[in-house]
Amino acid sequence: MKIIKNLWNKIKRLFRSSVVLTYEDLDGKIEDYEVKNLDFGNNYFGNKYHGNVGVRAWCYRKRGVRSFRYEGIWAIRAK
């Protein structure tokens, strides 16, 4: 049963819709990124001193996973 649930979750992630994320990097440059698998519950990053400081998501522009810090996220909107 656990294997079926794990497989089902992987299939759902493939078809999850993409969103446009407006993000300001540390240099002050604001850009829009089309991302998918934006999940604030499971795909976070941080360290033991500062805790949960951001989220990871698949970025189409980079063609890979990119990390976004919470204080840099300006807007999230549907594509």
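Here are legends for several close-up views of a predicted protein model.

**View 1. The whole chain, from one end to the other.** The protein chain holds one helix and six strands, and along the sequence they run α-β-β-β-β-β-β. Helices (H or I, at least four residues) and strands (E, at least two) are DSSP runs, numbered from the N terminus. Of the 79 residues, 28% are buried; buried means under 20% relative accessible area, exposed over 50%, and partly exposed in between (1.4 Å probe, protein chains only). Residue numbers start from 1 along each chain as its sequence is written, and side-chain values use heavy atoms, with hydrogens and water left out. Because the model is predicted, local features need pLDDT of at least 70 and side-chain atom pairs count only at pLDDT 80 or more, while totals for chains, interfaces and linings use all residues.

**View 2. How confident is the predictor, and where?** pLDDT is the predictor's confidence in each residue, from 0 to 100. Its mean over the protein chain is 78, with 77% of the residues reaching 70 or more. Among the elements, strand β2 (residues 30–36) has the highest mean pLDDT, 87, and strand β3 (residues 44–47) the lowest, 65. Where pLDDT is low, don't read the predicted coordinates in detail.

**View 3. Trp74 and Thr22 across two strands.** Trp74 sits in strand β6 (residues 73–78), and Thr22 in strand β1 (residues 19–24). They are 52 residues apart in sequence, yet their C-alpha atoms are 5.4 Å apart in space. Trp74 counts as exposed because its relative accessibility is 53%, whereas Thr22 is buried at 11%. Leaving aside neighbours within four places in sequence, Trp74 is in contact (heavy atoms within 4.5 Å) with Thr22, Glu24 and Ile30. The side chains of Trp74 and Glu24 also make a polar contact of 3.0 Å, and those of Thr22 and Asp32 make one of 2.8 Å. A polar contact is a pair of N or O atoms within 3.5 Å; within protein, one must be able to donate a hydrogen and the other to accept it, and residues adjacent in sequence count only if both atoms are side-chain atoms.

**View 4. Salt bridges that link strands and loops.** A salt bridge puts a side-chain nitrogen of Lys or Arg within 4 Å of a carboxyl oxygen of Asp or Glu, and by this rule there are four. One of them joins the side chains of Arg61 and Glu31 (2.4 Å, N to O). Arg61 lies in the loop between β4 and β5 and Glu31 in strand β2, so this pair ties together parts that are 30 residues apart in sequence. Another joins Asp32 and Arg77, whose closest N and O atoms are 3.1 Å apart. That pair links strand β2, home of Asp32, to strand β6, home of Arg77, 45 residues along. Glu71 and Arg69 form a salt bridge too (2.8 Å, N to O). Through shared partners, salt bridges also join Lys29, Glu31 and Arg61 into one network.

**View 5. Arg63 and its positive phi.** Arg63 is in the loop between β4 and β5 (64–69). Most residues other than glycine have a negative phi. Arg63 isn't a glycine, but its phi is positive, about 60 degrees. With a relative accessible area of 72%, Arg63 counts as exposed.
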